[in-house]
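Subject: Structure for you to look at

Hello,

Below is the structure I said I would pass on. My notes on it follow.

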Amino acid sequence: MPITFETEWVAADEIRGPELASTWASLLIRVDDSVITRVLDQRARTVRDRVYVPLYPLAESLVTNWWFLLHEVGNPVKSDDHAFKQRHALVSARDGYAFPRLHMASSGSRVLLAWMPDSFLWARIEYRGRDEIWIDKNEFRASCTDLVDRVVRRLAACGVEGTFLQEEWESIRAADQDESLFCKTAAGLGWDPYALNDAQRAAVLRLADVLDPAILEEAVAVLDGARLEEHATAIATALEPGRYAGLPLEHLRAARPRPTARAEGGSPWSAGYALARDVRQRMGLDDEPLPSTNALGEALREDPAALVQATRPRSLGGADLVNGVVTADADGLPAFALRGGPASSRRFHFCRGLAEVLTSPGSPALLTRAQSDRQQRSRAFAAEFLAPAAALQDRVHRPVLDEEDVEELAAEFGVSPLLISHQLENHQIARIW
């Protein structure tokens, strides 16, 4: 379901500024059956689906934040960062006009659109809608490209030349493959690729030399720009083949299903859940949990002592948002390095690594706290592999549970209370009081 920008040019003789007057229009923003621009018009005492605004600020905001909207993935640190929120919010385009409160953020192959109520006393209109929808990133890019192209053509038709929008858009459209990779990497770090000093430019260019291309995108989503080289080097060192003892994982790898289209609506977490259920079935596991290292070793048909060795804490440097890595031993077998923490936490991240072994065999991988598709998929896989929803369903007989109930289930399943809470709520088994 793509986002669409439906526009009609409207005369605006009293509007100052040629770029504003020439792009004054009615605007309807729609995602499938949801209309983001639906407002209550207090003057007319009616509800309408269009707002009347200049499209120049909207197009300029999309172009200014182009690389961020498409390639900057959120993480727990950025979620509390005002600058990150501004880069991904349509309110930055308002310039005194009544654009909706819309948040746009990429997760890799998809973009989250989230909007909420807002009111404008001076305009006497009120947005009342609230929702969030994931859409395909390529469709999002195509819709935004179409809108910006329309605005740029309108400016040219009205004799308006040399605006920031036109010059910036020309630069973006002219970017070759190398420049595009540079801009994507810089934006992933939260840096404006067109406003870097020499040291920052050099640091971005060095990342391509330090980090394997297979993990570059996932790495920039969690790297700290203030300690960029230190953290990138720590990640690269952790991923060096032969640093850790590997595991054969023959039983797991024999259970790998054939590649299929993403299941259940296309979300990465539903794909992770479906993969875990499929693999458990192929491995001959029932719906019982895997609450300990011994139980996990038995399920994988691996020596528990080797599993303890594979999941023991390792040093991953100061890259705090990296939970672990998947690499290879000297013989090419899967090997793991997991950040320190409780045994239940390391088992969870180890199972996230198993998802990478299944979906990206032979390729290095990062296990991070980023909100990317890949990380969401591996987290969902690990949750369902360790604590199947069907097993929880068998044990829960009330629609609402309290914290004590959750802690008891966590102890039985050998996982964190947070994982149990997510499983209960995501699978609509029970709500948490």
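In which loop is Q428 found? Before the reply, one caution: this is a predicted model.

Q428 sits in the loop that runs between helix 19 (417-426) and strand 16 (431-432). Its phi is positive, about 55°, although Q428 is not a glycine. Most residues other than glycine have a negative phi. With a relative accessibility of 73%, Q428 counts as exposed, because the cut-off for that class is over 50%.

L249 also has a positive phi without being a glycine; the value is near 50°. This residue belongs to the loop between helix 10 (228-238) and helix 11. Is L249 buried or exposed? Its relative accessible area is 0%, so L249 is buried, the limit being under 20%.

On the other side of helix 11 (250-254) comes the loop that leads to helix 12 (268-282), and S267 lies in that loop. S267 has 10% relative accessibility and therefore counts as buried, again by the limit of under 20%. What does the side chain of S267 make a polar contact with? The partner is the side chain of S270, at 2.7 Å.

Now the chain as a whole.

Secondary structure: the chain has 19 helices and 16 strands. Its radius of gyration is 25 Å, and the globule rule gives 22 Å for 433 residues; the two are close, so the chain is as compact as a globular protein of that length. Measured out along the principal axes, the C-alpha trace spans about 80 × 55 × 35 Å.

Burial and contacts: 53% of the 433 residues count as buried. Among contacts with a separation of 6 or more, 64% are between residues 24 or more positions apart.

Surface and charge: the exposed area of the chain is about 20,100 Å², and 48% of it is supplied by carbon and sulfur atoms. How many positive and negative side chains does the chain have? There are 48 positive and 63 negative ones, and the centres of the two sets lie 2 Å apart.

If you open the model, the three residues to find are Q428, in the loop before strand 16, L249, in the loop before helix 11, and S267, in the loop before helix 12.

Regards

Note on methods: Residues are numbered from 1 along each chain as its sequence is written. This is a predicted model: local features need pLDDT of at least 70, side-chain atom pairs count only at pLDDT 80 or more; totals for chains, interfaces and linings use all residues. Side-chain values use heavy atoms; hydrogens and water are left out. Helices (H or I, at least four residues) and strands (E, at least two) are DSSP runs, numbered from the N terminus. The radius of gyration is taken over C-alpha atoms; the globule rule is 2.2 Å times the number of residues to the power 0.38. Buried means under 20% relative accessible area, exposed over 50%, partly exposed in between (1.4 Å probe, protein chains only). Contact means heavy atoms within 4.5 Å. Accessible areas come from the Shrake-Rupley method with a 1.4 Å probe; for residues, only the protein chains shown count as cover. Lys and Arg count as positive and Asp and Glu as negative; His and the chain ends are not counted. The place of a charge is taken as NZ of Lys, CZ of Arg, CG of Asp or CD of Glu. A polar contact is a pair of N or O atoms within 3.5 Å; within protein, one must be able to donate a hydrogen and the other to accept it, and residues adjacent in sequence count only if both atoms are side-chain atoms.
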